[in-house]
Amino acid sequence: MAGLAETFTATEHRLANGLRVVLSEDHIDPVAAVCLWYDVGSRHEKPGRTGLAHLFEHLMFQGSANVHGNQHFEFVQSAGGSLNGTTSFERTNYFETMPAHQVELALWLEADRMGGLLEALTQESLDNQRDVVKNERRQRYDNVPYGTAWERLVAMAFPEGHPYHHMPIGSMADLDATTLEDCREFFRTYYAPNNAVLAVVGDIDPEQTLAWVEKYFGTIPAHDGKPTPADGSLPPVIGAEVRETVYEDVPSRSLMAAYRLPVDGAREADAADLALTVLGEGESSRLNTRLVRRDELAVYAGFGIMRLVGAPSVALLDVKASGEAEVEAVDAAVNDELARFAAEGPSAAELERAQAQIERGWLDRMATVGGRADELCRYATLFGDASLAFTALDRVLEITAEEVRAVAAERLLPENRAVLVYELTDEDTDDDGSDGSDESTADAQSATKDDSEGQAA
């Protein structure tokens, strides 16, 4: 796909205050995206203050020096644009997609809160958004089937004290303990131009856009007090299976597991992505074919990857058992399929199909100005080179079947997984042993995957 790298180009600039700027010109449609990544996520939080990165994402929409209350939303939407923000383990991002002639407005809004948020940050706004985040936790985690599954698995896969041991949503107790001064210190430490990457992609004049960036961001002072994040390195294999069983009112029994994988950016991470795609992505995947279609042990079987740079990436297995199937039978079938894959690897057709699936996802992201801006920010922030976004697919297409087999044999092992089993409570089980429910589990699975990628504002 070298042709795409030639079709879409990007230039990188750096202001005197350290802000990295990536510009990518594309005149296909009269729209443009403004995307800002801050190099701060839940891995940067102090003990006792989990959830602060995500809480602060919400506070960024509550007004700044010259933008009051809900006006950030109002200005963007009245100009015909859309906007949002998300928080993950490793970054917090904010983005607007605007009609091309409104790019200057989006840049001014982002600069106003980068340079002047503390002027508008009050106890009232903190209390308000803390309640919003706590309610979000209730709605997405605590009060939905399987809602805390990913949170439990992350805590099992990453040991106590590890910077990735907790999810970005944080705990209720830590949210309650967060003070206004905590928020001010957090902003001063991490929301500085030299800790951010700004990408502007679409129907832009690069020279004029860079002039606007200099005008609005250039006077914001740098901050050099950012602490080095805690070391997230771990042995490649957990060493022994970690297992927890939960009895809850859920639609069906479930087997979930997290496996440590190579860090993002390594060739082996791309190989692992392909392995998981063959094994658990789509109806033709091996696990779906075996567990759902052939053995009828499950109504859903999926395997996906959460890529991480500062710690081992994670593979997430999610199998929802069919009515009378026991988790032990599901587990045995899963281990059998993984062992078979580790021995023989993917067929030529499976590898080609997996590469095509990843290619489709990559093309979907790159096809929109917002998706492209996000990818450019990602590679600039995490790997120091925005242009790597254009060649990411090339690296996946270079992976061989033997590399895919090898990473599966090294990582998809019983001794390298944290296992979470959901069993039905007595009142959920009918006399015939079924779960008594025909409720779909697709929404719960979707929520779990969304949570691994970040919290939407």
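**Exercise 1.** Find which residues of helix H11 are buried, and state what they pack against.

*Solution.* Step one is to list the buried residues of H11, which are Arg286, Leu287, Asn288, Arg290 and Leu291; helices (H or I, at least four residues) and strands (E, at least two) are DSSP runs numbered from the N terminus, and buried means under 20% relative accessible area, exposed over 50%, partly exposed in between (1.4 Å probe, protein chains only). The model is predicted, with local features needing pLDDT of at least 70 and side-chain atom pairs 80 or more, while totals for chains, interfaces and linings use all residues. Residues are numbered from 1 along each chain as its sequence is written, and side-chain values use heavy atoms, without hydrogens and water.

Step two is to look at the surroundings of these residues, which pack against helix H10 (267-280), strand E9 (298-306), strand E10 (313-321), H12 and helix H13 (348-366), where contact means heavy atoms within 4.5 Å.

**Exercise 2.** Describe how H11 and H12 pack, and say which residues make the contact.

*Solution.* Begin with the geometry: H11 (residues 286-294) and H12 (residues 327-344) pack at an angle of about 150 degrees, and their axes are 10 Å apart. Here axes are lines fitted to C-alpha atoms over the stretch in contact, with angles from 0 to 180 degrees between N-to-C directions. Then name the partners: H11 contributes Arg286, Leu287, Arg290 and Leu291, while H12 contributes Val330, Ala333, Val334, Asp336, Glu337, Arg340, Phe341 and Glu344. Arg286, Leu287, Arg290 and Leu291 also appear among the buried residues of H11.

**Exercise 3.** For glutamate 296 and tyrosine 146, decide where each lies and whether each is buried or exposed.

*Solution.* As background, most residues other than glycine have a negative phi. Glutamate 296, in the loop between H11 and E9, has a phi near 55 degrees, which is positive although the residue is not glycine. Because its relative accessibility is 59%, glutamate 296 counts as exposed.

Tyrosine 146, placed in the loop between helix H5 (123-142) and helix H6 (149-157), likewise is not a glycine and has a positive phi of about 60 degrees. Its relative accessibility is 1%, so tyrosine 146 counts as buried.

**Exercise 4.** Say which residues serine 125 touches beyond its sequence neighbours.

*Solution.* First locate serine 125, which is found in helix H5 and counts as buried because its relative accessibility is 11%. Then set aside the neighbours within four places in sequence, after which the contacts of serine 125 are with Leu59, Gln62 and Ala120.

**Exercise 5.** Work out how many aromatic pairs there are, and describe the pair formed by phenylalanine 186 and tyrosine 191.

*Solution.* Start from the rule: rings of Phe, Tyr and Trp (its six-membered ring) pair if their centres lie within 6.5 Å, and planes under 30 degrees apart count as stacked, over 60 as edge-to-face and the rest as tilted. Applying it gives 17 aromatic pairs. In the pair of phenylalanine 186 and tyrosine 191, the centres are 6.5 Å apart and the planes are at 50 degrees, a tilted arrangement. Both phenylalanine 186 and tyrosine 191 are buried, and they belong to one aromatic cluster together with Tyr38, Phe56, Phe61, Phe73, Tyr94, Phe187 and Tyr190.

**Exercise 6.** Identify over which rings the charged ends of arginine 91 and arginine 372 sit.

*Solution.* The test requires NZ of Lys or CZ of Arg within 6 Å of the ring centre and within 35 degrees of the ring normal. The charged end of arginine 91 sits over the ring of tryptophan 37, at 4.9 Å from its centre, whereas that of arginine 372 sits over the ring of phenylalanine 8, at 3.8 Å from its centre.
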